[in-house]
Amino acid sequence: KKNIDKMCGVPVQRPIATPTIEAAEVMRGSVFAETKPLVYLHFHKAGGSTACALMRAGPLNTNNHLGMNNMNCLDNVFLQALRAGDGAGVAQYMRGVPLDVCFVEDVRWWPAPTNLPTLKQHVRIATTLREPWARLLSNYEKDVTKCSGCNYISSLENYMAMQGCYPSIRWSVQLPDFYVRSLTGKATNSKNDVASLNSFDLDAAQWAITMFDHVFVLENAEFTERIGALAQLPKLKSKRLAMHYSNNKYSAFKN
């Protein structure tokens, strides 16, 4: 049985502490031969809605939360086990529901790199990376619409400092250096409790990426097809599913 799931223009310095994504796209093994449940780290505004749509269109058991586009598993039992790197607990929860796929968008629950080996003993992990500046601007512009046009009274610089209206803190999207905070387990859902980062954190984030079973890059021309393969969709069907509109909707800023 499958459930169907139905703030703001000043030039600023770009974030620099971000994992290299040019060579990060990794596909290990054949998904059709794997039996472990899949946990998908959904970086906000980085193709998660497209991945969700493709997962729903295939034969996998997926989660359903009304009012949400993405298949986030919100049960505290699941989240606590995930944070601790308790792969056995995560897999037990998912098989008990049952679910083949759980999305995690609130990144404060993502485990620290040291907990990934025990997590991966029982589950597969996947994510999608988007060019960091494009992700930031898309995130910024989406939040502007939710803040009733706060770009007229604030600035991008203030937004990057998470000042004023900042809806994305709901998903623990802490700026700057969102990817590094998330992958190192240092993200929180607070605009004030923001950990300092250094080159060691960047190294740890880059190492964490190598631990993923599947890493996709949103800008890759074959992104939809590759996610479709993970979702066990026929090749032609995955090609017919267009990129989710929200990936391109917030795209006024190009420079």
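Here a biologist asks how the labels on this predicted model are justified, and a modeller answers.

Biologist: Let us start with the disulfide. How many does a search of the whole structure find?

Modeller: The search finds one disulfide. Cysteine 73 and cysteine 102 form it.

Biologist: What makes that pair a disulfide?

Modeller: The sulfur atoms of cysteine 73 and cysteine 102 are 1.9 Å apart. The cut-off is 2.5 Å, so the pair counts. In general, such a bond is covalent and joins the sulfur atoms of two cysteines.

Biologist: Why is this disulfide called left-handed or right-handed?

Modeller: Look at the torsion about the S-S bond of cysteine 73 and cysteine 102. It is about -85°, so the disulfide is left-handed.

Biologist: Which parts of the chain does the disulfide link?

Modeller: It links distant parts, 29 residues apart. Cysteine 73 is in the loop between α1 and α2. Cysteine 102 is in strand β3, residues 101-104.

Biologist: Are these cysteines buried or exposed, and how do you know?

Modeller: Buried means under 20% relative accessible area. Cysteine 73 has 2%, so cysteine 73 is buried. Cysteine 102 has 0%, so cysteine 102 is buried too. Cysteine 52 is another buried residue, with a relative accessible area of 0%.

Biologist: Now α2. Which of its residues are buried?

Modeller: Phe78, Leu79, Ala81 and Leu82 are buried in α2. They cover an arc of only 165° around the axis, so they sit on the same side of α2.

Biologist: What covers those residues?

Modeller: The cover includes β2, α3, β3 and α4.

Biologist: What makes aspartate 75 a cap for α2?

Modeller: A side-chain oxygen of aspartate 75 lies 2.8 Å from the backbone nitrogen of valine 77. The cut-off for a polar contact is 3.5 Å, so this pair is within it. Aspartate 75 caps the N-terminal end of α2. Just after α2, glycine 85 takes a positive phi of about 70°.

Biologist: On to α8. How do you know that its span agrees with what a helix should have?

Modeller: Helix α8 has twelve residues, 199-210. At 1.5 Å a residue, they should span 16 Å. The end C-alpha atoms of α8 are 17 Å apart, which agrees.

Biologist: Which residues of α8 are buried?

Modeller: They are Asp201, Leu202, Ala205, Ala208 and Ile209. Seen down the axis of α8, the buried residues fall within an arc of 120°, so they line one face of the helix.

Biologist: What do the buried residues of α8 pack against?

Modeller: They pack against α4, β4, α7 and β5.

Biologist: What reaches the backbone nitrogen of phenylalanine 200 at the start of α8?

Modeller: A side-chain oxygen of asparagine 198 does, to within 2.9 Å.

Biologist: Let us turn to charge. How many salt bridges does the structure hold?

Modeller: It holds four. In general, side chains of opposite charge can pair when their charged atoms come close.

Biologist: Why is the meeting of lysine 186 and aspartate 201 called a salt bridge?

Modeller: Their side chains meet at 2.7 Å, N to O. The cut-off is 4 Å, so the pair qualifies. This pair links distant parts of the chain, 15 residues apart. Lysine 186 is in the loop between α7 and α8, and aspartate 201 is in helix α8.

Biologist: Why do lysine 186 and aspartate 201 get their accessibility labels?

Modeller: Partly exposed lies between the 20% and 50% limits. Lysine 186 has 30%, so lysine 186 counts as partly exposed. Aspartate 201 has 8%, so aspartate 201 is buried.

Biologist: Which other side chains meet in a salt bridge?

Modeller: Among them are arginine 108 and aspartate 106, at 2.8 Å, N to O. Arginine 108 is partly exposed at 29%. Aspartate 106 is buried at 12%. Glutamate 222 and arginine 226 also meet, at 3.0 Å. Glutamate 222 is partly exposed at 39%, and arginine 226 is partly exposed at 29%.

Biologist: Last, valine 173. Where is it, and what makes it buried or exposed?

Modeller: Valine 173 is in the loop between α6 and α7. Its relative accessible area is 0%, so valine 173 is buried.

Biologist: What is valine 173 in contact with, leaving aside its neighbours within four places in sequence?

Modeller: The contacts of valine 173 are His44, Arg135, Asn139, Met162, Tyr166, Ser168 and Phe178. Valine 107 is 66 residues from valine 173 in sequence, yet 7.4 Å away in space, C-alpha to C-alpha.

Conventions. Residues numbered from 1 in each chain as written. Predicted model: local features only at pLDDT ≥ 70, side-chain atom pairs only at ≥ 80, totals over all residues. Heavy atoms only, no water. Helix = DSSP H or I, 4+ residues; strand = E, 2+ residues; numbered from the N terminus. Expected span 1.5 Å × (residues − 1). Buried < 20%, exposed > 50% of the residue type's maximum accessible area, 1.4 Å probe, protein only. Arc of directions from axis to C-beta. Contact = heavy atoms within 4.5 Å. Polar contact = N/O pair within 3.5 Å; in protein donor to acceptor, adjacent residues only side chain to side chain.
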